[in-house]
Protein chains: 2
Amino acid sequence: MRRRHSAEEEADGVLGGEIGAVARAITAIENDLPAGHHVLNRVFPHTGTAHMIGITGPPGAGKSTLVNELIRSYRAGGAKVAVLAIDPSSPLTGGATLGDRIRMLEWHNEPDVFVRSMASRRFGGGLAQHTLTVAHIFDAAGFDPIFIETVGTGQDEVGIASLAHSTVVVQVPGLGDGVQTLKAGALEIGDIIVVSKGDRPDAQALARDLRRLQTLHDREDSPDDRWNPPIVMTSAIEQTGFDKLSAAIRSHKEWLQQSGTWEVRVRTMLATEISSRVQRDLMRRIQSQSVNQDAAINAVLARQMSPLAAADRLLESLSNR
Amino acid sequence: MRRRHSAEEEADGVLGGEIGAVARAITAIENDLPAGHHVLNRVFPHTGTAHMIGITGPPGAGKSTLVNELIRSYRAGGAKVAVLAIDPSSPLTGGATLGDRIRMLEWHNEPDVFVRSMASRRFGGGLAQHTLTVAHIFDAAGFDPIFIETVGTGQDEVGIASLAHSTVVVQVPGLGDGVQTLKAGALEIGDIIVVSKGDRPDAQALARDLRRLQTLHDREDSPDDRWNPPIVMTSAIEQTGFDKLSAAIRSHKEWLQQSGTWEVRVRTMLATEISSRVQRDLMRRIQSQSVNQDAAINAVLARQMSPLAAADRLLESLSNR
């Protein structure tokens, strides 16, 4: 009785925007505690309005500086802003990206800005799993927009694109020459492309390359009502481009809503969240059958059975529980 | 009858090192055809000797050049060398990293060098799933070493470390300033650290930083027989460092075998392969129950049910099949 009462109170706290209740709910979700689920189940009907904006790009591209400027811009309009920073560092090197977070410390006395860092490795690669779930809590507490900042290259970017309504891909000049994997990937998933460190001499060339790549894509299929990802150049040193970026993000939200794409994206986001959760739970079940699993691995180690045959055997044992 | 006979022939072809049989087996595995499984099951008892070497690092770090030099070095010693290049590009931008592969074209008339490119996106993030399975085919066909080349930053690196006996992390000068996520991650998973483009003026500073970070790590726990990841500087322009790198990789293999770490790593690799396979098959089962899944997503879209509650319901329906 007492626990249920408490979950109700906590849910009310979240819906009322109480920072303490929000922080406790997030911690409970991160640690997979029943209390977290109870709160989420209660507040979830009140979610669905916040604009979730993914920010991705290579390490050192200036993502945190950019998010900081975006916070400033949205705060000026009176919005409550949340940032979910996905931290690739492990416990061992936990301090490695602390510097990024420190840059956001200027907001720590500001109740309408909530910056939360999450270590991605704890989730065994399941970026989706907790990120969106935590974002629902922010949404329920009235935070809008919610920025999801993550380190990414080619492979990860696909992940973030299914976690956000709008994806901002940050590119930085001077990364490499010749074959430009990143650029191509960026164009594919970025709703908005940022060329950061625009004060550097090679920034213009990067923007030009990106525009050329975009033209190549355009030739294929271009319905009239399609979104053309703008390329925005920013510079923290010269303090330029951030207003333009924030305007581009707002335009993208409008386009999403007018074109009906918003609903399509929400469906993808929720489906990703659900399936990554199901996947994780199934793996846990298998791991809890440790006798079967060890026997299968040992047979494979002894080269008596192929890994595919071992997987089939484990799947069978799971179905026959 | 005919199919079984054919699988036997194909397996014999792989074990005999016939390039055509190897290529067909890999294609069958990539496409998840029963023929691929049959061949793998037959050849798997003859695997377990090849040294699998992961090469990871950011795009533009010069990984392909490095692999090319390593092929040259191992070829000089008479080895049969395979390269599995994990390509983050999608069908849409499939040409983006073609340039990398073209650099390896000089080997295309050489029967003892097999370069195979695989698109990672086809596997929905499951890098492990097919990579090691394909590597077994190379192993059975007598290729040793097998290089697994992949684009990576913080998050991905953990993945590659569980796919290879030895992991080479390539770092490149001039990537970023301040907070150095990559460097820390590299030290954690790299058995050998390469500073590529060693002819650049800032390469020495990067190597120095890496050495300093290494010293910090050392303080924690350092048994005497532990491997100290060497930092090797290479330059494609000056053609330096590649012999040293190839020697470092060979030393690491010796250390793995002498310390008993080889068996530990093999266990991790096979366990990763099995569990990623199990995970994928379970997800397919859920997806095949499309009625349940759609109903669950629709209920979540209508905010009638939280994503966690929907996941629980899907898990229940799976158990009751």
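## Notebook: helix contacts and core residues

**Entry 1. H4 against H10 in chain A.** I began with the contact in which A:Glu69, A:Leu70 and A:Ser73 of H4(A) meet A:Phe242, A:Asp243 and A:Ser246 of H10(A). I sorted the residues of this contact by class and obtained 2 nonpolar, 2 polar and 2 charged. The axes of H4(A) and helix H10 (residues 242-259) of chain A come within 10 Å and cross at roughly 70°. The two helices, H4(A) and H10(A), are therefore roughly perpendicular to each other.

**Entry 2. Source and terms.** I note that this is a predicted model, in which local features need pLDDT of at least 70 and side-chain atom pairs count only at pLDDT 80 or more, while totals for chains, interfaces and linings use all residues. Residues are numbered from 1 along each chain as its sequence is written, with chains lettered from A and ligands numbered from 1 in the order in which they are written.

I take two residues to be in contact if their C-beta atoms, placed from the backbone, lie within 7 Å. Helices (H or I, at least four residues) and strands (E, at least two) are DSSP runs numbered from the N terminus. Axes are lines fitted to C-alpha atoms, for helices over the stretch in contact, and angles run from 0 to 180 degrees between N-to-C directions. Angles under 35 degrees count as roughly parallel, over 145 as roughly antiparallel, 65 to 115 as roughly perpendicular and the rest as oblique. Ala, Val, Leu, Ile, Met, Phe, Trp, Tyr, Cys and Pro count as nonpolar, Asp, Glu, Lys and Arg as charged, and the others, Gly among them, as polar.

**Entry 3. Chain A overall.** I found 13 helices and 7 strands in chain A. Buried residues (20 or more other C-beta atoms within 10 Å of their own; exposed is 12 or fewer, partly exposed in between; C-beta atoms placed from the backbone) make up 50% of the 321 residues in chain A. Among contacts in chain A between residues at least 6 apart in sequence, 75% join residues at least 24 apart.

**Entry 4. Helix H4.** I returned to H4 of chain A, residues 63-76, which has 14 residues and reaches 20 Å from its first C-alpha to its last. That is close to the 20 Å expected at 1.5 Å a residue, the expected span being 1.5 Å times one less than the number of residues. The buried residues of H4(A) include A:Leu66, A:Leu70, A:Ile71 and A:Tyr74. A:Gly78, with a positive phi near 90°, follows H4(A). In chain B, I looked up B:Asn68, which is found in helix H4 (residues 63-76). B:Asn68 is buried, because 20 other C-beta atoms lie within 10 Å. Its partner in my distance check was B:Trp107, 39 residues apart along the chain, with the C-alpha atoms separated by 9.1 Å.

**Entry 5. The core and A:Leu84.** A nonpolar core is a set of buried Ala, Val, Leu, Ile, Met, Phe, Trp, Tyr and Cys residues joined through C-beta atoms within 7 Å. The largest has 161 residues, and A:Ile137, A:Ile148, B:Ile137 and B:Ile148 touch the most other members. Not counting residues up to four places away in sequence, B:Ile148 touches residues including B:Met52, B:Leu84, B:Thr131 and B:Leu163.

I then placed A:Leu84 in strand S2 (residues 81-87) of chain A. A:Leu84 counts as buried because it has 25 C-beta neighbours inside 10 Å. Leaving aside neighbours within four places in sequence, its contacts include A:Met118, A:Thr131, A:Ile146 and A:Ile148. A:Leu84 and A:Thr131 are 47 residues apart in sequence and 7.7 Å apart in space, C-alpha to C-alpha.

**Entry 6. H10 against H11 in chain B.** The axes of helix H10 (residues 242-259) and helix H11 (residues 261-288) of chain B come within 5 Å and cross at roughly 95°. H10(B) and H11(B) are therefore roughly perpendicular to each other. B:Leu256, B:Gln257 and B:Ser259 of H10(B) make the contact with B:Thr261, B:Trp262 and B:Arg265 of H11(B). By class, I recorded 2 nonpolar, 3 polar and 1 charged residues in the contact of H10(B) with H11(B).

**Entry 7. Backbone details.** A cis peptide bond joins A:Asp144 and A:Pro145, with omega about 10°. A:Pro145 is in the loop between helix H6 (127-140) and strand S4 (146-151) of chain A. In chain B, the peptide bond from B:Asp144 to B:Pro145 is cis, with omega near 10°.

I also noted A:Lys197, a residue other than glycine with a positive phi, near 50°. A:Lys197 is in the loop between strand S6 (192-195) and helix H9 (203-218) of chain A, and counts as buried with 25 C-beta neighbours inside 10 Å. Phi of B:Arg303 is positive, near 60°. B:Arg303 counts as partly exposed, with 13 C-beta neighbours inside 10 Å.
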